[in-house]
Amino acid sequence: MKALSLFELNSLVRETLELTFSNEYWVRAEISELRVNRHCYMELVQKDSHKNGIIAKARAQVWANRWAFIKPMFEDMTHQSLAAGMQVLVKAEITFHELYGYSLNITDIDPTYTLGDIAKRRQEILHQLTQEGISTMNQELPLPRMLQRIAIISSASAAGYGDFCNQLKNNPARLAFHTQLFQATMQGDDVTPSIINALNCIAGQQEQWDAVVIIRGGGATSDLSGFDTLELAENVAQFPLPIITGIGHERDDTVIDLIAHTRMKTPTAAAEFLIQHQSKELELLESIAASIFLSASNLLQAEKIRIQVLTAKIPTLFSAIQARETIKIDRLSAAMGYKALQHIEGEKSRISIIKKQLALYTDNLLNHQKKRIEQAENKLENASPERILKLGFSITRVNGQAIKSFDDVREGDNIETTLATGTINSTVTWKRN
């Protein structure tokens, strides 16, 4: 019996496979490994649906000429990069090489299949959060009226982080914000653990912050899988401070976008949200201060008038009482003689007591009204614009009118900014909306 060499046997296998599997086949699988070195090399697996063990495995490759087409097409459709753990539907040729063995030569990948799997995974996470009763916990937190202390989770090198900080710093109303970066990875396998680590750091100093902003922008939007994990979603949903997201992708919502307190499209939009929130609070505070000032002024004026009226009535009241008592004494004196004189002395004594009581009442009344005036003046002083400025706000005016809108000022205008410690005059050289 003639023996075959290994090469001959492998050649026979290759020829048999080429004859038997001459077509291309659509294959469902999970990517377990992936590396790119001009060409893309993968390991595809299928897992048991019950035990999660691997029941099939195959090597696969996408040659450079097809990879240059498949990669951008897949990312444009799914907004994610091909990565380990992803379910894919690939079109492949069955190949066998005498040295390297069996593999799949991938010629196409259907992104709609992966999109369906991504959407299914997101829905499963949201359902799990709902089952745990935590899906809306962060959204139900009250947004602080003063949003000035902002903890930022981002990468220091991200363009979106710079855009966010510039937008806050150069806001037209000159509102003051205190920010601190908590460094995290915004792309790749470390997104989930690094963001959770940053959240834990912020939670350890929770009383120092009003809200948390998670931003990612200025780069590719293709790698969002790190924002769609159950572990990160549970941390965001249960975080004790409101979380605002500006992850920088227009068309898709990640899981943490859907459960965070407020979702904005971009880092710049997140900054503008904070500016608008603070501007509204400043306008409300100015309105309340003006109302308190007007009410206190009116109350003070009314109290002054009332005291003047009371003061004017006191001599007349006293004279009327004295005249009435004198007439009464004269009548008693004429009618009763000696006994009347005794009664008169008693009445004189009573008049003297009445005089003292009236004087005491008058003093008490005047002192009470003076205290009310002092209290009103204190309230008026606390509500003054100078007091508000000492809280860290500033008032910018053009032509004597306070600037409340971006359109109230034009390039070339001379503006005056009033602070608690002085006034700054400046000229508008440029505007950016």
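How many strands make up the closed barrel, and in which order do they run? Before I answer, please keep in mind that what we have in front of us is a predicted model. The barrel has 5 strands, and following them around gives the order E1-E2-E3-E5-E4, with mixed pairing between them. If we ignore direction, neighbouring strands of this sheet are turned against each other by 55° on average.

Let me take one pair from the barrel as an example, namely strand E2, which covers residues 39–47, and strand E3, which covers residues 54–62. These two run antiparallel and are joined by 8 bridges, and if you look for Cys40 you will find that it stands opposite Val62 in E3.

Now we come to the helices, starting with helix H2, residues 64–78, which lies across strands E1, E2, E3 and E5 and runs at about 50° to E5. H2 also packs against H3, at an angle of about 35° and with the two axes 9 Å apart, and H2 passes H3 in a right-handed crossing. On the H2 side the residues that meet H3 are Met73, Phe74, Met77 and Thr78, while on the H3 side they are Pro111, Thr112, Thr114 and Leu115. Sorted by type, the residues of this contact comprise 5 nonpolar and 3 polar ones, with no charged residue.

Helix H3, residues 111–132, has a further partner in helix H6, residues 230–237; the axes of H3 and H6 come within 10 Å and cross at roughly 45°. How, then, are H3 and H6 placed to each other? With that crossing angle they are therefore oblique, and H3 passes H6 in a right-handed crossing. Here Ile125, Gln128, Leu129 and Glu132 of H3 meet Leu230, Ala233 and Glu234 of H6. The residues of the contact between H3 and H6 divide into 4 nonpolar, 1 polar and 2 charged, whereas the contact of H2 with H3 had no charged residues.

Finally, I would like to turn to strands E6 and E7, at residues 149–154 and 178–183, which pair in the parallel sense over 6 bridges. Within this pairing, Ile153 stands opposite Phe182 in E7. Together with helix H4, residues 159–169, the strands E6 and E7 make a β-α-β unit, and this unit is right-handed. If you would like to trace it in the structure yourselves, start at E6, go on to H4 and finish at E7.

Key
Residues numbered from 1 in each chain as written. Predicted model: local features only at pLDDT ≥ 70, side-chain atom pairs only at ≥ 80, totals over all residues. Heavy atoms only, no water. Axes fitted to C-alpha atoms, helices over the stretch in contact; angles between N-to-C directions. Helix = DSSP H or I, 4+ residues; strand = E, 2+ residues; numbered from the N terminus. Parallel < 35°, antiparallel > 145°, perpendicular 65-115°, else oblique. Left-handed = near helix turned anticlockwise from the far one by under 90°. Contact = heavy atoms within 4.5 Å. Nonpolar A, V, L, I, M, F, W, Y, C, P; charged D, E, K, R; others polar. Pairing = 2+ DSSP bridges. Right-handed = clockwise from strand over helix to strand, strands pointing away.
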